[in-house]
Amino acid sequence: MKVGVVGAGTMGAGIAEVFARTDGFAVQLADVTPDLAEKGRARQLAGLDRQVAKGRLAQDERDAIAGRLTIATVSDLAGCDLVVEAVLETTAVKRPLFEQLDALCGPGALLASNTSSLSITELGRGLAHPVVGMHFFNPAPVMALVEVIAGAGTPDEVVARATEIARSVGKTPVRVAEAAGFVVNRILVPMINEAVGVLADGTAAAEDIDAAMKLGANHPIGPLALGDLIGLDVVLAIMEVLQAETGDPKYRPHPLLRKYVRAGLLGRKTGRGFFGYE
């Protein structure tokens, strides 16, 4: 199966690796420029090299994965059986890309979005190709879950096909009807936002908030560190979608979260968020 992934950032490059790890898939990773796509590929291959050095991955397996993962431009994806979009989490960026892919790809191609909260119905509205959500989780090669989301215009057979593809690469798919934040982020991201509020109130230090949730709720990672891992800009964007879609004030992004995003303190990807990663 030929798979295209558009967006070579953390999620896109990780999703490309997921497919490249499975025999029978040929994966093309695309971005705005070939240089950005190559940087994404190089980042994933460097991670594989570290696994080889630690004895967690055989060298021939690493080479096979690298051989299945090439870089491309969006126009190169015309012959793909599946294209997964993993670009900036805004409808203003995603929607024009799907219009481009709709005109470019063959009639049998499956178009999927890795959106973490946006409307699949809106992304696919009026297109010849129905759009389905395939929401992977970070880090994509490690996390088992894929939320498979049906929009109003997504036929059952398309959802079934996306579900089977997720299983074929070793993931556990969960079918989700379209709703703001789907399942995981509707529960998880407000928890992170609440942890930001606890920090802002001075109830406890960041380290102690995370320690309390790890030791008291058996979470593998604290909510503030998780926000840093996801990206605080992404956390803010999801909270804004939840608030806009539901109109419920309980989803109001905390002002401290907005402050961090405005300051460019987005977490791991910028070297600092609620914790330092320099």
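User: Hello! Where in this chain does Phe275 have its place?

Analyst: Phe275 sits in the segment after H11. A word on the basis: this is a predicted model, in which local features need pLDDT of at least 70 and side-chain atom pairs count only at pLDDT 80 or more, while totals for chains, interfaces and linings use all residues. Residues are numbered from 1 along each chain as its sequence is written, and side-chain values use heavy atoms, with hydrogens and water left out. Labels such as H11 come from DSSP runs numbered from the N terminus: helices (H or I) have at least four residues, strands (E) at least two.

User: Is Phe275 buried or exposed?

Analyst: Buried means under 20% relative accessible area, exposed over 50%, and partly exposed in between, with a 1.4 Å probe and protein chains only. Phe275 has 16% relative accessibility, so it counts as buried.

User: Which residues does Phe275 touch?

Analyst: Contact means heavy atoms within 4.5 Å. Leaving out residues up to four places away in sequence, Phe275 touches Ala206, Glu207, Asp210, Leu224, Ala225 and Asp228. Met1 is 274 residues from Phe275 in sequence, and their C-alpha atoms are 41 Å apart in space.

User: Ala206 and Asp210 are on that list. Which residues of helix H8 are buried?

Analyst: Helix H8 covers residues 206–216, and Ala206, Ile209 and Asp210 are its buried residues. To see how they are arranged, look down the helix axis and take the arc of the directions from the axis to the C-beta atoms. In H8 the buried residues fall within an arc of 90 degrees, so they line one face of the helix. Leu215 and Gly216 are exposed on the other side. H7 and H9 are among what covers the buried residues of H8. After H8 comes Asn218, with a positive phi near 60 degrees.

User: How do I read helix H11 in that way?

Analyst: Begin with the buried residues of H11 (255–262), which are Leu256, Leu257, Tyr260 and Val261. Their arc around the axis is only 140 degrees, which puts them on the same side of H11. Lys259 and Arg262 are exposed, on the face turned away from that buried side. H7 and H10 are what the buried residues of H11 pack against. Just after H11, Gly264 has a positive phi of about 75 degrees.

User: H7 comes up for both helices. Which residues are in contact with Asn185?

Analyst: Asn185 is in helix H7 and is buried, with a relative accessible area of 5%. Apart from neighbours within four places in sequence, Asn185 is in contact with Ser116, His135, Pro190, Ile238 and Leu242.

User: Now the pockets. How are they found, and what volume does the largest pocket have?

Analyst: Rolling a probe the size of a water molecule over the atoms shows where empty space is left. Here a 1.4 Å probe is tried on a 1 Å grid over the protein atoms alone; a pocket is an open set of points with protein on both sides within 12 Å along at least five of seven lines, and lining residues have an atom within 4 Å of a point. A volume is the space filled by probe spheres set on the points. The largest pocket has a volume of about 1,200 Å³. Its lining has 43 residues, with Met11, Asn138, Leu229, Ile230 and Val234 nearest the centre. Helices H1 (10–20), H7 (184–200), H9 (223–230) and H10 (232–246) and strand E6 (131–136) each give two or more residues. H7 gives the most, with 5 residues.

User: How do the lining residues divide by character?

Analyst: Ala, Val, Leu, Ile, Met, Phe, Trp, Tyr, Cys and Pro count as nonpolar, Asp, Glu, Lys and Arg as charged, and the others, Gly among them, as polar. The lining of the largest pocket has 23 nonpolar, 13 polar and 7 charged residues. The second largest pocket holds about 530 Å³. Of its 17 lining residues, Arg43, Gln44, Gly47, Arg50 and Pro139 are closest to the centre. That lining divides into 5 nonpolar, 6 polar and 6 charged residues.

User: Last topic: how many aromatic pairs are there?

Analyst: Rings of Phe, Tyr and Trp (its six-membered ring) pair if their centres lie within 6.5 Å; planes under 30 degrees apart are stacked, over 60 edge-to-face, and the rest tilted. The count comes to 3 aromatic pairs. One of them, Phe19 with Phe136, is edge-to-face, at 6.2 Å centre to centre and 65 degrees between the planes. Phe19 lies in helix H1 and Phe136 in strand E6, so this pair ties together parts 117 residues apart in sequence. Phe19 and Phe136 are both buried, and with Phe25 they form one aromatic cluster.
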